[in-house]
Amino acid sequence: MISLRSIDQNNWEACIKLKPKQEQLGFVASNVYSIAESKIFPHLMIKAIYCGEKLIGFAMYGVDMDDGNYWIYRLMIDERFQAHGHGKDAMKLIIQDIESRDDRTDVIWLGYQQDNEQGRKLYASLGFEEAGMAPWGEMLAKYSFR
């Protein structure tokens with residue numbers, strides 16, 4: 001059973017020890033960087049991803065100050081827990097969380113590296129549609145609430 005939980009004094013150190021596979025390191029910022037970023041930009045929500053009582057991943061999302069839409073900025077599942085459907089289940093929970101918020105927007109955006117084939121397949125399976133390349137070099141994808 002996958003759940004999203006707050007990151008606090010009890011689990012933050014375990015969160016920063018989570019790592020993607022070696023070949024995925026360029027696809028996502030480190031969790032320690034993301035946790036620090038969330039303290040500078042308090043509109044960013046950070047969540048620990050659990051499978052039962054086992055910490056398995058990290059997510060960060062929030063409303064972008066430039067365009068006013070929700071963005072999923074980070075999703076990472078530790079290398080030891082990949083290929084079990086946990087990323088997809090976590091993304092479903094993130095989408096549900098955003099949909100339930102009073103400030104929800106009609107769409108959710110995310111960006112990913114062009115060579116992140118695993119991510120591309122995951123996002124497409126959830127209904128994200130590619131929208132073209134961003135000026136900063138990532139493929140943009142949009143999820144529309146229907």
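Begin by selecting Gly62, which, leaving aside its neighbours within four places in sequence, is in contact (heavy atoms within 4.5 Å) with His43, Met45, Asn69, Tyr70, Trp71 and Tyr73. The model you are viewing is predicted, so local features need pLDDT of at least 70 and side-chain atom pairs count only at pLDDT 80 or more, while totals for chains, interfaces and linings use all residues. Residues are numbered from 1 along each chain as its sequence is written, and side-chain values use heavy atoms, with hydrogens and water left out.

Stay with Gly62, which has 0% relative accessibility and therefore counts as buried; buried means under 20% relative accessible area, with a 1.4 Å probe and protein chains only. Now add Phe41, which lies 21 residues from Gly62 in sequence and 9.9 Å from Gly62 in space, C-alpha to C-alpha.

Next, select residues 54-63, which are strand S3, the strand that holds Gly62; strands are DSSP runs of E with at least two residues, numbered from the N terminus. Nine of the ten residues of S3 are buried, so this strand is largely enclosed by the rest of the structure.

Add residues 44-51, strand S2, which runs antiparallel to S3 and is joined to S3 by eight bridges, where two strands pair if DSSP finds at least two bridges between them. Within this pair, look for Met45 opposite Tyr61, and then go to the turn of the hairpin, where Gly52 has a positive phi of about 65 degrees.

Finally, select residues 70-77, strand S4, which pairs with S3 in the antiparallel sense over seven bridges, with Arg74 as the bridge partner of Met60. Six residues lie between S3 and S4 in their hairpin, and Gly68 in that turn has a positive phi of about 75 degrees.

Terms used. Buried means under 20% relative accessible area, exposed over 50%, partly exposed in between (1.4 Å probe, protein chains only). Helices (H or I, at least four residues) and strands (E, at least two) are DSSP runs, numbered from the N terminus.
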